Amino acid sequence: ALAMAMGHVILKEFYVDRHVPYFDAYARRFTDLPFLVSLRERDDGALVPDAFLRASDVGTSGGHADWRTVVLDERSGEPAVPNGTIGDRWGDDGEGRWNLDLGDLSPALTLLGRHDEMAEVLLPRFDGGETEGGTTMRRGVPAKRVAGRLVTTVLDLMLAHYGVVRAGLPGEWPAGYDDPSQPHTPAWQQEHTGIDAGRAARIAREFAANAEATGGRSMIVMGAGLNHWYHGDATYRAVLAMILLCGCQGVNGGGWAHYVGQEKVRPITGWLTVAFALDWVRP
């Protein structure tokens, strides 16, 4: 809950309220945020996120087309397959493409402003809220028709899931950080964790601001404790999402620093010295 609320603040203040060039460039090249996801209409008429759009869906030639995921080139407005998709890993035609060099391709992170419609999608809600029996929530995403399929981007879905509202989108949205009735706000997490909503928002803001100022040198140090709880994988993903949104993974001095068993984290050595005054301890 805390990680989701911090992600809510990061997405709102560093992706929606303003543009951060470093985060933008990192997200386009190193994450799946610009990849297109199909929206599927269920029998009851509700739209739900489905599978990634693939090269085989848009008629792109080349081997392993079912394993090449697609982005929208914001310069041409056309679907494109960037280097380094999993299809490039297998087969001779992927030789020389197993990298993340975008070249002249500029993947669109969002379809807002280039959308065909504002689509309301059904998303899972895991906190037992009152929306539709405590299982789902309805939130809007900008969507576009590509090769006969209604699609949106991973980032657009992420913004919807985190409850970060943008003008014109349909659905049920939080009124602000202090609204506990909708999932993933600072006030919502306070009811689950007891952590002050204002403090959660401030730490998220400082974490992202430091990453912006230092080129991704914000770090989260943690052990295996989260793995010992039900849905620990989802908790890990929520924490990792903050790292990726702030362009920290793979950066010296930033990222996910995990320690358990025989694994060691360099920052802990210095921290232990200061925390326990080891420099004052007699050998």
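The following exchange examines how the descriptions of this predicted model are justified.

Q: What makes the protein as compact as a globular protein of its length?
A: The model has eight helices and nine strands. Its radius of gyration is 21 Å, and the globule rule gives 19 Å for 283 residues; the two values are close, so the protein is as compact as a globular protein of that length. Along the principal axes, the C-alpha trace spans about 70 × 50 × 35 Å.

Q: How do you know which residues of helix α5 are buried?
A: A residue counts as buried when its relative accessible area is under 20%. In α5, residues 186-193, the residues that meet this criterion are Pro186, Ala187, Trp188 and Gln189. Their cover includes α1 (2-16) and α6 (197-214). After α5 comes Gly194, with a positive phi near 80°.

Q: What covers the buried residues of helix α2?
A: Contact requires heavy atoms within 4.5 Å, and the elements covering these residues include α1, α6 and α7 (232-245). The buried residues of α2 (residues 21-30) are Phe23, Asp24, Tyr26, Ala27 and Arg28. Over the protein as a whole, 45% of the 283 residues count as buried.

Q: Why is a set of residues called a nonpolar core?
A: The term applies because the members are buried residues of nonpolar types, a list that includes Tyr and Cys, joined through side-chain atoms within 4.5 Å. The largest such core has 54 residues, of which Leu11, Tyr15, Phe23, Leu33, Leu39 and Cys246 touch the most other members. Helix α1 gives the most to this core, contributing eight residues. A second, separate core has ten residues, among them Val70, Leu72, Leu111 and Val151. In soluble globular proteins, nonpolar side chains tend to be buried together.

Q: Which residues does Tyr15 touch, leaving aside those up to four places away in sequence?
A: With that exclusion, Tyr15 touches Ile10, Phe23, Ala27, Leu155 and Leu245.

Q: How do you know what share of contacts joins residues at least 24 apart?
A: The share is taken among contacts between residues at least 6 apart in sequence, and 60% of these join residues at least 24 apart.

Q: What makes up the charge and the exposed area of the protein?
A: Lys and Arg count as positive, Asp and Glu as negative; on that basis there are 27 positive and 36 negative side chains, and the centres of the two sets lie 5 Å apart. The exposed area is about 14,900 Å², of which carbon and sulfur atoms supply 53%.

Terms used
Residues numbered from 1 in each chain as written. Heavy atoms only, no water. Helix = DSSP H or I, 4+ residues; strand = E, 2+ residues; numbered from the N terminus. Rg over C-alpha atoms; globule rule 2.2 N^0.38 Å. Buried < 20%, exposed > 50% of the residue type's maximum accessible area, 1.4 Å probe, protein only. Areas by Shrake-Rupley, 256 points an atom, 1.4 Å probe, with all protein chains shown as cover. Charge placed at Lys NZ, Arg CZ, Asp CG, Glu CD.
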